[in-house]
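Here is a friendly walk through one protein model, written to be read with the structure open beside you. Take your time and turn the view as you go.

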Amino acid sequence: MKKFLSILVLVFTLSVSCFASSIFKLSLWDKISIPQADSVEGLDFGIIGSQTATNVGIQWVWIYAQSDDMTGVQGAFITNAKKIKGGQGGFLAYADKVEGYQGGLITYAEHIEGAQFGFINIAKNIKGSQFGFINLAFNMEKGFQFGLINYIQNGTLPIMVIINGTF
C-alpha cells in the first residue's frame, strides 16, 4: 500500500509539473514548490512563502504571498500583488491595483475600486470606501471614509473625524 501511494504521488507530481498551469501548488518558499508552476488555477498553498505570476482561485500562505495577477482571494501575514480582482487580506496588505476589497492591520493600494478595511488604510487613488482607525486617500474620485481620522487630499474638507467623503 505504501508503494502504491508513493507511486501515485510521484505520477501526480510529474504529470502536474508537465503543464504550464496547475490546479494546485504547494510551496515552501519562492521556487521551492511542487509543481514549479508560474500559473495556478485553483489552490496555491504555501508554508513560508509563495510567488506565483498568475493566480485564479485561492492563494493561501502562512507568511508571504505574492502574485502579479490575482483573480480570487489572497491571504497571508504579508500579501503583495500587482493586480487583484477579488480580495486580499493579511497583517500587511499591499497592491498596485485592487478591484474588490483589501483588509489587514495596514493596507496600501496605488489604485483601488472597492473597499479597504484595516487599522490604517492608505490609497493613492480610490473609488470606493475606507473603514479603519486612520484612513488616508490622496485622490478620492468618489466614496466615503469611516474612522477616527479621515484624510482626503482632494476633498472639500480634507480632514474629518468619524466620516468623510467626496461625491
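The report below looks at a lysine, a nonpolar core, some aromatic rings and a few salt bridges in this predicted model.

## A lysine tucked inside

Let us start with Lys 25, which sits in strand β1, a run covering residues 21–29. Is this lysine buried or exposed? With a relative accessible area of 1%, Lys 25 is buried, because buried here means under 20%.

What surrounds Lys 25, once its neighbours within four places in sequence are left aside? Its contacts include Ser 33, Ile 34, Pro 35 and Ala 37, and also Val 40, Leu 43, Asp 44 and Phe 45. Ser 50, Gln 51 and Thr 52 are in contact with Lys 25 as well. Gln 51 deserves a second look: the Lys 25 side chain reaches the backbone oxygen of this residue at 3.4 Å. Gln 36 lies eleven residues from Lys 25 along the chain, and the C-alpha atoms of the two are 7.6 Å apart.

## The nonpolar core

In soluble globular proteins, nonpolar side chains tend to be buried together. The largest nonpolar core in this model has twelve residues. Its alanines are Ala 81, Ala 95, Ala 109, Ala 123 and Ala 137. The isoleucines are Ile 84, Ile 112, Ile 126 and Ile 152, and the set is completed by Met 70, Met 140 and Val 98. Which element gives the most to this core? That is β6, with eleven residues.

Ala 137 gives a view from inside the core. Beyond residues up to four places away in sequence, Ala 137 touches the core members Ala 123, Ile 126 and Ile 152. Ala 137 also touches Gln 130, Gln 145, Tyr 151 and Gln 153.

## Aromatic rings

How many aromatic pairs does a search of the whole structure find? The search gives ten. One of them joins Phe 77 and Phe 91, whose rings are stacked, with 4.8 Å from centre to centre and 5° between the planes. Phe 77 is in the loop between β5 (64–75) and β6 (78–152), while Phe 91 is in strand β6, so the pair ties together parts that are 14 residues apart in sequence. Both rings belong to partly exposed residues: Phe 77 has a relative accessible area of 42%, and Phe 91 has 37%.

Phe 138 and Tyr 151 form an edge-to-face pair, with centres 6.4 Å apart and planes at 75°. Phe 138 is partly exposed at 34% relative accessibility, and Tyr 151 is also partly exposed, at 22%. Elsewhere, one aromatic cluster is made by Phe 117, Phe 131, Phe 144, Phe 146 and Phe 167.

## Salt bridges

Side chains of opposite charge can pair when their charged atoms come close. The count for this model is five salt bridges. Among them is the one between Asp 38 and Lys 31, where the closest N and O atoms are 3.0 Å apart. Asp 38 is partly exposed at 44%, and Lys 31 is partly exposed at 43%.

Lys 124 forms a salt bridge with Glu 110, the closest N and O atoms being 3.9 Å apart. Lys 127 does so with Glu 141, also at 3.9 Å between the closest N and O atoms. Lys 124 is partly exposed, with 38% relative accessibility, and Lys 127 is partly exposed with a relative accessible area of 38%. Is Glu 141 buried or exposed? Glu 141 is exposed, because its relative accessible area of 54% is over 50%.

Methods
Residues are numbered from 1 along each chain as its sequence is written. This is a predicted model: local features need pLDDT of at least 70, side-chain atom pairs count only at pLDDT 80 or more; totals for chains, interfaces and linings use all residues. Side-chain values use heavy atoms; hydrogens and water are left out. Helices (H or I, at least four residues) and strands (E, at least two) are DSSP runs, numbered from the N terminus. Buried means under 20% relative accessible area, exposed over 50%, partly exposed in between (1.4 Å probe, protein chains only). Contact means heavy atoms within 4.5 Å. A polar contact is a pair of N or O atoms within 3.5 Å; within protein, one must be able to donate a hydrogen and the other to accept it, and residues adjacent in sequence count only if both atoms are side-chain atoms. Rings of Phe, Tyr and Trp (its six-membered ring) pair if their centres lie within 6.5 Å; planes under 30 degrees apart count as stacked, over 60 as edge-to-face and the rest as tilted. A nonpolar core is a set of buried Ala, Val, Leu, Ile, Met, Phe, Trp, Tyr and Cys residues joined through side-chain atoms within 4.5 Å. A salt bridge is a side-chain nitrogen of Lys or Arg within 4 Å of a carboxyl oxygen of Asp or Glu.
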